[in-house]
Amino acid sequence: MPFDGSPGGRRAAAVPGGADAGPAAGRSEGLADGVEAGLPAGAAPGRCRLPVEYVLPLRWSGDAGLAELTGYLRELGRLVDVTVVDGSAPEVFARHAATWRGVVRHLAPDPAVRGGNGKVVGVLTGVAAARHEHVVIADDDVRYDEAGLRAAHRLLGGVDLVRPQNHFDPVPWHAWWDTGRTLLNRALGADWPGTLAVRRSTFVAMGGYDPDVLFENLELVRTVRAYGGTEATPPGLYVRRLPPDGAHFRGQRVRQAYDDLAQPVRLATSLAVLPAVLAALAARRPGLLLGAAAAVVAFAEVGRRRAGGARVFPRTAALAAPLWLLERGVCSWLAVAHRALGGVPYAGARIARAANSPGALRASRNARSTPALHT
């Protein structure tokens, strides 16, 4: 499935091979049963399956959490078709293949697809292999329920891309800390979740998206927009996300700050935080810092309450916003330093580009002489 995802030109190609396994019966807390003619024995009657492909790209070095993920995939397979694109090491891939046989379709990344971002390579492989027009793309820590899947499917009837809203559950300290970012983003417009839903025909027509950028969700959204597609960002479409462990969270701080290099206004704001704090401290004016922190908390609280968010975000989450903002202020300077060194470390290499600019993507579309997409 060699999509050429670079700004210089994109093209779609053949779907990669892979055995198609039907979903197995089983139930765990979360998704409701869904059936149609041809479901495996044991599936409970009463609800219709959705014509949706769920694409999960992953690359694991170990199998912590495999049992929980398998239960989720089994439940998903009773409602939608599931494709896992697994870039794990051969021995881990083999264990996954044995565990998921009869549960989901399990594919290796298409070797014809090249790119520095392994997640994007997995998405390109999975969307090309999708059996339905409506495709949900999700990280391995995302946990949809039936209502969320049905809402994404319904919205894709009118737009090319849907950006839901993630929330952490459970909420350890580092998830609470990162929820401060989520609330600020919600107050400003929309957050960046670990899942998107897209029309396959749109994705193929635009040739996928660049597999050599770090901020892959921004890249996909910008590419859809550049090709004339439409986007929905429903603030009340909440999708649960499992928090990372503390070590993984700490390892993501600078890399996530690097994403802002693709958003100049956000980067400038982040870079201004640390000098402003140091200036207030040097001037011995702690009142300025307290006032600024209170304003940030109030702003984050607007995001928490938006679209019924108080149901899923902790009451104290807005208090994390100033702490997160200070952290981002420090990490943004480190991210700029990484850019000067050739990029941020990722999977044993460096990725220099956070995302392509909207102008570069529009130029790419014009160079292909491809008509804009319309829904």
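Where is the place of Ala347? Ala347 sits in the loop between β11, residues 344–346, and β12, residues 349–351. I start there for its backbone: Ala347 is not a glycine, yet its phi is positive, at about 50 degrees. The residue is exposed, because its relative accessible area is 56% and the cut-off for exposed is over 50%. Before going on, please keep in mind that this is a predicted model, and every value I give is computed from it.

There is another alanine of this kind. Ala307 has phi near 50 degrees, again a positive value in a residue other than glycine. Ala307 is in the loop between α11, residues 286–305, and α12, residues 320–340. With 36% relative accessibility, Ala307 counts as partly exposed. As background, most residues other than glycine have a negative phi, and most peptide bonds are trans.

That brings me to a peptide bond. Going from Asp169 to Pro170, the bond is cis, and omega is near 5 degrees. Where does Pro170 lie? Pro170 belongs to the loop between β7 and α5, and β7 takes us to a sheet.

The sheet is an open one of 3 strands, in the order β5-β10-β7, with mixed pairing. Strands β5, at 142–143, and β7, at 165–168, are at the edges with a single partner strand each, so each has one side without a neighbour in the sheet. Helix α5, residues 173–188, packs on this sheet and touches β7 and β10. The direction of α5 makes about 155 degrees with that of β7.

Now the pairings themselves. Between β5 and β10, residues 238–241, the sense is antiparallel, over 2 bridges. Val142 has Arg241 as its bridge partner in β10, and Arg143 is opposite Arg240 in β10. On the β7 side, the pairing with β10 is parallel and runs over 4 bridges. There, Phe168 stands opposite Arg241 of β10. So which residue of β10 is the bridge partner of Val142? That is Arg241, and Arg241 is also the residue that Phe168 stands opposite. In general, side chains in a regular strand alternate between the two faces of the sheet.

Next, helix against helix. I have two crossings to show.

Take α7, residues 216–226, and α13, residues 358–368. Their axes come within 9 Å and cross at roughly 50 degrees, which means that α7 is oblique to α13. The crossing of α7 with α13 is right-handed. On the α7 side, the residues in contact are Glu219, Arg222, Thr223 and Ala226, and they meet Pro358, Leu361, Arg362 and Arg365 of α13. By class, the residues of this contact are 3 nonpolar, 1 polar and 4 charged.

A general remark helps when reading such lists: an α-helix has 3.6 residues a turn, so residues three or four places apart point the same way.

The other crossing is α1, residues 66–76, with α2, residues 90–100. Here the axes come within 11 Å, at a crossing angle of roughly 45 degrees, so α1 is oblique to α2. This crossing, too, is right-handed. Helix α1 contributes Leu66, Leu69, Thr70 and Leu73 to the contact, and α2 contributes His96, Thr99 and Trp100. How many residues of the contact of α1 with α2 are charged? The division is 4 nonpolar, 3 polar and no charged, whereas the contact of α7 with α13 has 4 charged.

Helix α1 also appears in the surroundings of α4. The buried residues of α4, residues 146–155, are Glu146, Gly148, Leu149, Ala151 and Ala152. What do the buried residues of α4 pack against? They pack against α1 and against four stretches of strand: β1 at 52–58, β4 at 134–138, β6 at 161–162 and β8 at 195–199.

A last residue before I stop. Leu124 is part of helix α3, residues 118–129. Is Leu124 buried or exposed? Leu124 counts as buried, because its relative accessibility is 0% and buried means under 20%. The C-alpha atom of Leu124 is 9.5 Å from that of Val85, and the two residues are 39 residues apart along the chain.

To close with the backbone items: the cis bond runs from Asp169 to Pro170, and positive phi values occur at Ala307 and Ala347.

Methods: Residues numbered from 1 in each chain as written. Predicted model: local features only at pLDDT ≥ 70, side-chain atom pairs only at ≥ 80, totals over all residues. Heavy atoms only, no water. Pairing = 2+ DSSP bridges. Contact = heavy atoms within 4.5 Å. Axes fitted to C-alpha atoms, helices over the stretch in contact; angles between N-to-C directions. Buried < 20%, exposed > 50% of the residue type's maximum accessible area, 1.4 Å probe, protein only. Parallel < 35°, antiparallel > 145°, perpendicular 65-115°, else oblique. Left-handed = near helix turned anticlockwise from the far one by under 90°. Nonpolar A, V, L, I, M, F, W, Y, C, P; charged D, E, K, R; others polar.
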